[in-house]
Amino acid sequence: MVRAKSVVKGARRPEVRLPALEAYEGGGLEPDGDYDGLEFRERDLAGQDGGGARFMDCALTGCALDETRLRRARLLDSVLTGIRGVGTDLAEATLRDVELVDARLGGVQLHGAVLERVLIRGGKIDYLNLRDARLKDVVFEDCVLVEPDFGGARLERVEFVGCAVRGADLSGATLKDVDLRGAASVEIARGVERLSGAVISPAQLMDLAPVLAGEMGIRVEG
């Protein structure tokens, strides 16, 4: 009997086509603000409060987002390029059909967030907090993720392509159709037993062997 080879369902990438945009001429962000068809270019949004705001068909280019509060914000059909910041708060936010390109971020709070059809390409994100988040059709491409926290998160049709994943926490995470084969490197600090539902390459299996052995209580001696 020949067993059919399982097929990993690929992630659907966002297809963002921005309309002609108007330059944002306002002051600071406002809680529950409504931003439609705007370009935020080289704006210093550090420390501002845009909690609950909606960004639709927007471009944020080269903006500073240090300690910017965007809790429960909605980013829809938008492109974020070259943004930078530490401690950006996007907890419980919704990102749908979003491209995040060449970001330099640290300590981003995305716990409880919903990401659907999101492409994260290039750049480096340190200490990304995705605890209890829902990721569906998400692609991490050619980026560096340092100690990302996926604890309790649900990942479905998520791909890692050409990126380095260092010290990931998968504790309590649920994975379905998660493809790690294209990642440049994968390092799991905690929750390696949650890799059920993911596909890895033979080389990655060898790299993860010591962690897997430790999880299973296997002693490896020369």
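Strands are DSSP runs of E with at least two residues, numbered from the N terminus. In the predicted model examined here, Ala168 lies in one such run, strand β13, which covers residues 164-169. Ala168 has a relative accessible area of 2% and is therefore buried. Outside the four sequence places on either side, Ala168 touches Pro148, Glu187, Ile188, Ala189 and Arg190. The C-alpha atom of Ala168 is separated by 8.5 Å from that of Gly191, a residue 23 positions apart from Ala168 along the chain.

The secondary structure of the protein chain as a whole consists of one helix and 16 strands. The radius of gyration is 18 Å, close to the 17 Å given by the globule rule for 222 residues, so the chain is as compact as a globular protein of that length. Along the principal axes, the C-alpha atoms fill a box of roughly 65 × 35 × 25 Å. Of the 222 residues in the chain, 51% are buried. The accessible surface comes to about 11100 Å², and carbon and sulfur atoms account for 48% of this surface. Among contacts with a separation of 6 or more, 11% are between residues 24 or more positions apart.

The largest nonpolar core contains 58 residues, and Phe40, Leu135, Phe140 and Phe160 have the most contacts inside it. Strand β8, residues 94-106, gives the most to this core, with five residues. With neighbours within four places in sequence left aside, the contacts of Phe140 are Ile120, Leu135, Leu145, Val158, Glu159, Phe160, Val161 and Cys163. This list includes Leu135 and Phe160, both named above among the residues with the most contacts inside the core.

Leu135 and Phe160 are also in the contact list of Phe150. Phe150 is found in the loop between β11 (144-146) and β12 (154-161). Despite this loop position, Phe150 is buried, because its relative accessible area is 2% and the cut-off is under 20%. Beyond four places in sequence, Phe150 is in contact with Leu130, Leu135, Leu155, Phe160, Asp169, Leu170, Ser171 and Ala173. Arg54 is 96 residues apart from Phe150 along the chain, and the two C-alpha atoms are separated by 25 Å.

Eight aromatic pairs were counted. In one of them, Tyr35 and Phe55, the ring centres are 4.9 Å apart and the planes are at 20°, so the pair is stacked. Tyr35 belongs to strand β2 (residues 34-36) and Phe55 to strand β4 (residues 54-56), so the pair ties together parts that are 20 residues apart in sequence. Both rings belong to buried residues: the relative accessibility is 5% for Tyr35 and 4% for Phe55. Ring pairs link Tyr35 and Phe55 with Tyr24 and Phe40 into a cluster. Phe40 also appears among the residues with the most contacts inside the largest nonpolar core.

No disulfides are present by the distance rule applied: the count is zero. Cys58 is in no disulfide, and the nearest cysteine sulfur, that of Cys63, is 11 Å away. Cys58 has 0% relative accessibility and so counts as buried. For Cys143, the closest cysteine sulfur is that of Cys163, at 4.7 Å; this is too far for a bond, because a disulfide requires the two sulfur atoms to be within 2.5 Å. Cys143 also counts as buried, at 3% relative accessibility. Cys163 is one of the residues in contact with Phe140.

Two threonines were also examined. Thr94 is found in strand β8, the strand that gives the most to the largest nonpolar core. The relative accessible area of Thr94 is 18%, and the residue is classed as buried because the cut-off is under 20%. Not counting residues up to four places away in sequence, Thr94 touches Ala73, Arg74, Leu75 and Val114. Thr68, in contrast, is placed in the loop between β5 (59-61) and β6 (74-81). Thr68 counts as buried, at 0% relative accessibility. With neighbours within four places left aside, the contacts of Thr68 are Leu29, Leu45, Ala46, Gly47, Gln48, Gly87, Thr88 and Asp89. Val114, which Thr94 touches, is 46 residues apart from Thr68 in sequence and 19 Å apart in space, C-alpha to C-alpha.

Key. Residues are numbered from 1 along each chain as its sequence is written. This is a predicted model: local features need pLDDT of at least 70, side-chain atom pairs count only at pLDDT 80 or more; totals for chains, interfaces and linings use all residues. Side-chain values use heavy atoms; hydrogens and water are left out. A nonpolar core is a set of buried Ala, Val, Leu, Ile, Met, Phe, Trp, Tyr and Cys residues joined through side-chain atoms within 4.5 Å. Buried means under 20% relative accessible area, exposed over 50%, partly exposed in between (1.4 Å probe, protein chains only). Helices (H or I, at least four residues) and strands (E, at least two) are DSSP runs, numbered from the N terminus. Contact means heavy atoms within 4.5 Å. The radius of gyration is taken over C-alpha atoms; the globule rule is 2.2 Å times the number of residues to the power 0.38. Accessible areas come from the Shrake-Rupley method with a 1.4 Å probe; for residues, only the protein chains shown count as cover. Rings of Phe, Tyr and Trp (its six-membered ring) pair if their centres lie within 6.5 Å; planes under 30 degrees apart count as stacked, over 60 as edge-to-face and the rest as tilted.
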